[in-house]
Amino acid sequence: MEVALRKIQRPDPYLDIADVEADAELMLLHLGPQHPSTHGVFRIDLYLDGEIIVKAVPFPGYLHRGVEKLCERLTFVQQTPVVDKHDYVAPMTSEQAINMAFEALLKVEVPRRARYLRSIFAEMQRIASHLLWLGTFTLDLGGAMGGGTTLFMHCFRERETILDLFEEVTGARFHYNTHTIGGNRHDLTAGWAAKVKSAMDLIESRLSEYVSMSYENRIFRQRTSGVGVLDGALALELGVSGPILRASGVDHDLRRDAPFHAYDEVEVKVATATEGDCLARTKVRVEELRESIRLVRLFLDGLPEGPINGGKPIKLAGQYKVNTGQVYVGIETPRGELGTYVIAGGEGGASPYRLKFRAPSLHALSTLPYVLPGATLSDCVAILGSLDPIMGEVDR
Amino acid sequence: MGVDKPRTSLPLFDEGGRSYEHPLYDKLLSMPGLSVGVAPLDRLLTWGLTNSLWVFPMATSCCGIELMAAAASRVDLDRMGTFYRGTPRQGDVMVVAGTITVKMAPRVKRLWEQMPEPKWAIAMGSCAISGDFYRDLYPVVPGIDTFLPVDVYIPGCPPNPESLMAGLLELAAKIRSEQGKPLTAPVQKTGGLVATKPSIARIGDPERDPSLSDQQMEAASRAAESPVARPAEELEMPPVPETAPGTVAAPPTFAPELVELFQAHGVVDFPKDAPPVVPLARHVALARALVERGYKQLVYVVASHWLAGKGRSGNVAGGPEHHEVAYGLRTVGPKRGAEGGSKLAWWSVRVEAGGAAPTLAHVIAGADWQEREQWDLVGVRFSGHPDLRRLMMPDDWSGHPLRKDYPADAHTAPWR
């Protein structure tokens, strides 16, 4: 049974379990919605033959807050604090994604300094997000009683340094509300750049510790190597993006391939791997940590002087007028392509007629019916953790 | 020897009218001087409880991250004896950190019931306290105290780890204040710290004025309409900065090499600011052709609902009630100089009321979940879909919330 299932390249997500020939009666296990490994509230129904998963049916929606309905009655300038709560591990990039869509719709230009600031924030946010992921992922694998807690503590220690720096500029640990249409709200404080550089030096010097505690650890390798293999072609079809896609051998990164912010002024090195398993996803994310540190330094060195928004930032609904139009803008966040699709309904409305968020985590979770069959129950935790889902973004 | 006199036992806990009755227990209670004997024990128990409040984290969203940060290196709740347990059986305090939706609330209640007595509940953050700005939206429970007895409210969005620590200390003080009460009396939890409760009557409150929802709706629509009413010369358009070398957020432009392909599939008009409309009959064939040309990554499926007389400008303005479903596919490939890079192709189809769009799930597997979500929320049907179930809302939900005729604060939730 086990061998037969592992050979199937693309399991049938619509498999009728009545057709499954199992040695014993299949067991139905509800994993979640409250389970420490589900990173929030998410449920999967697992049909198990012994310990082998035969079929997996995911059920998102336990955190569906109806944000898209809410956005239809908020004006464009009121949306930023709302989207902070989507990807609450990387709110900076959520804010950027929605404001860039509005800038495209309202045809507002962003000053160069603001674009540099956004790039710096985005890269620092990527470091904070990947650190949080690495810590919680090892916690999933090792558990509180194994070695997992150690790396969790180390990663959170470094993450706090970045949150402190963000707090200095924006006044908040997260949910910053620092981006607006046409630029940023907060300029840097004096001496901030020097603090960032020393924080980057600190994190860089500790990266080798993370590596030795994560994928150079034998137990970690055994739990992740060859587990949850995702084929690159299938990943593309499912709309998977970000580190998961790059770990499956697809060389795709919007920072380089469709540049936004100030990424067209630097060369972004994209980390890829071909194995497509949980180990490859870890390696890609750790490589991205290195690359982000390098990019933060580059952007800080090249930071131009000038205004951070269009002289008078758009703060009120009366400052703009939108007739019709549909716009989609997607940017590369720590989890992949986060996009905003805006439909303006005409008649000069100050609110969007329809707003849709393209959430990378939702696409990542849609791989589960394909990846889980053939894996064991313990692999399920590793696979789920390696996808780095943020349920606020999945369910919205 | 028959004992006819009624028992005078006190209920230890009262669940569904049953009270704890045990002959030995009754005998213990009637022993003179026992209360004096157990008083030091009570103090010991309270001391133990307040110094080892084990938390069952009911973390759903953003506050859960701060909950984690509180357990991590900087704040380190362990030194207060607070430790997180992933199972309700080992928890003393349920910390509800995050928004609770109608789909999640029955599970929270059930987990609460699975926690052994004595137990306490903390509402962490605005969403758990009142529902935050989601409170009048269709899927959100406006505060967990609508179905749970809350002991301590920790305000913030999200509260700092230090605020959580303060909240736990507050709870310890509350437990100490309950010390010395008879062991047999069940802890009657009312509403916790009532002073911090929002003063607005909830939608479910019997005292709430039913016209309040309508007033809120009117106010919201007035706010949305007011800038339109302002004359154009009053609008303060921000000046375009001189330093800007060009706009960064480039809207998707239609790839010129695709024009022929789209024309072959029945597209006549290519609007500048909206996706071209493809006839329903040619839509699947077009998607197949695009995938063959390298547009292999599914980006989005976005449905929008238009009531009769409404419609986007351009080639399909107004008309009867309909849905518009927009699709986006991407190419992948590294950008080298001006060559390569990622290009986006977008198009949309128009689905008349009562009709259905042919599914793309057989062409590109990711369309499965995307179309399920759009059917669930916007109510557009997809014919030939292999598994058209709701994705976000509970299975027994009625209606499609993102339809324009769906009330903004619907009263369909059982909590309201």
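User: What share of the contacts in chain B with a separation of 6 or more comes from residues 24 or more positions apart?

Analyst: Such residues account for 69% of those contacts in chain B, where two residues are in contact if their C-beta atoms, placed from the backbone, lie within 7 Å. The model is predicted: local features need pLDDT of at least 70, side-chain atom pairs count only at pLDDT 80 or more, and totals for chains, interfaces and linings use all residues. Residues are numbered from 1 along each chain as its sequence is written, while chains are lettered from A and ligands numbered from 1 in the order in which they are written.

User: Why are helix α5 (residues 112-142) of chain A and helix α12 (residues 278-301) of chain A called roughly parallel or roughly antiparallel?

Analyst: Their axes, lines fitted to C-alpha atoms over the stretch in contact, come within 9 Å and cross at roughly 155°. Angles run from 0 to 180 degrees between N-to-C directions; those under 35 degrees count as roughly parallel, over 145 as roughly antiparallel, 65 to 115 as roughly perpendicular and the rest as oblique. The crossing angle therefore makes α5(A) roughly antiparallel to α12(A).

User: What makes up the contact of α5(A) with α12(A), by class?

Analyst: The contact has twelve nonpolar, three polar and four charged residues. Ala, Val, Leu, Ile, Met, Phe, Trp, Tyr, Cys and Pro count as nonpolar, Asp, Glu, Lys and Arg as charged, and the others, Gly among them, as polar.

User: How many residues does chain B have, and what percentage is buried?

Analyst: Chain B has 416 residues, of which 40% are buried, that is, with 20 or more other C-beta atoms within 10 Å of their own.

Terms used: Buried ≥ 20, exposed ≤ 12 C-beta atoms within 10 Å, placed from the backbone. Helix = DSSP H or I, 4+ residues; strand = E, 2+ residues; numbered from the N terminus.
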